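Biologist: Please take a close look at one part of this model, the nonpolar core, and describe the residues in and around it.

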Amino acid sequence: MTKVIKILGTGCSKCKSMIDIVTDVILENNIDATVEKVEDIMEIMKLNVMTTPALVINDVITIKGRVPSKDEVLALLN
């Protein structure tokens, strides 16, 4: 089943780092997932997220306000 991943952030350097890490983990581990970048502040606020970057996997907020390690992302996706 394809995982739906959303990365919430307005485009700061931490948000870009999270995109790179998540993308690398997906590619390196052949994970079936789609990645969506959400930059609209109103959409982010609808999800009740006040600190970015945030990682949402299958509509569950898993990380807020920090950039995770590759190992942490891999654990969340497995």
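Modeller: Contact here means heavy atoms within 4.5 Å. The model is a predicted one. With neighbours within four places in sequence left aside, I61 is in contact with L47, V49, L55 and V56. I61 belongs to strand β4, which covers residues 60-64. Its relative accessible area is 32%, so I61 counts as partly exposed, because buried requires a value under 20%. Between I61 and L8 there are 9.9 Å in space, C-alpha to C-alpha, although the two are 53 residues apart in sequence.

L55, one of the contacts of I61, leads to the largest nonpolar core. This core has 13 residues, and I5, V22, L55 and L77 have the most contacts inside it. At least two of its residues come from each of β1 (3-8), α1 (13-28), β3 (54-57) and α3 (70-77). Helix α1 supplies the largest share, five residues. Beyond four places in sequence, I5 is in contact with V22, I26, A33, T34, V35, E36, L55, V56, I57 and L77. Another core, of six residues, lies apart from this one; L8, V38, V49 and A54 are among its members.

Helix α1 also contains V25. V25 has a relative accessible area of 1% and is therefore buried. Its contacts, again without neighbours within four places in sequence, are I31, K70, V73, L74 and L77. L77 is thus named among the contacts of V25 and among those of I5. V25 and I63, 38 residues apart in sequence, are separated by 16 Å in space, C-alpha to C-alpha.

Definitions and conventions
Residues numbered from 1 in each chain as written. Predicted model: local features only at pLDDT ≥ 70, side-chain atom pairs only at ≥ 80, totals over all residues. Heavy atoms only, no water. Core = buried A, V, L, I, M, F, W, Y, C linked by side-chain atoms within 4.5 Å. Buried < 20%, exposed > 50% of the residue type's maximum accessible area, 1.4 Å probe, protein only. Helix = DSSP H or I, 4+ residues; strand = E, 2+ residues; numbered from the N terminus.
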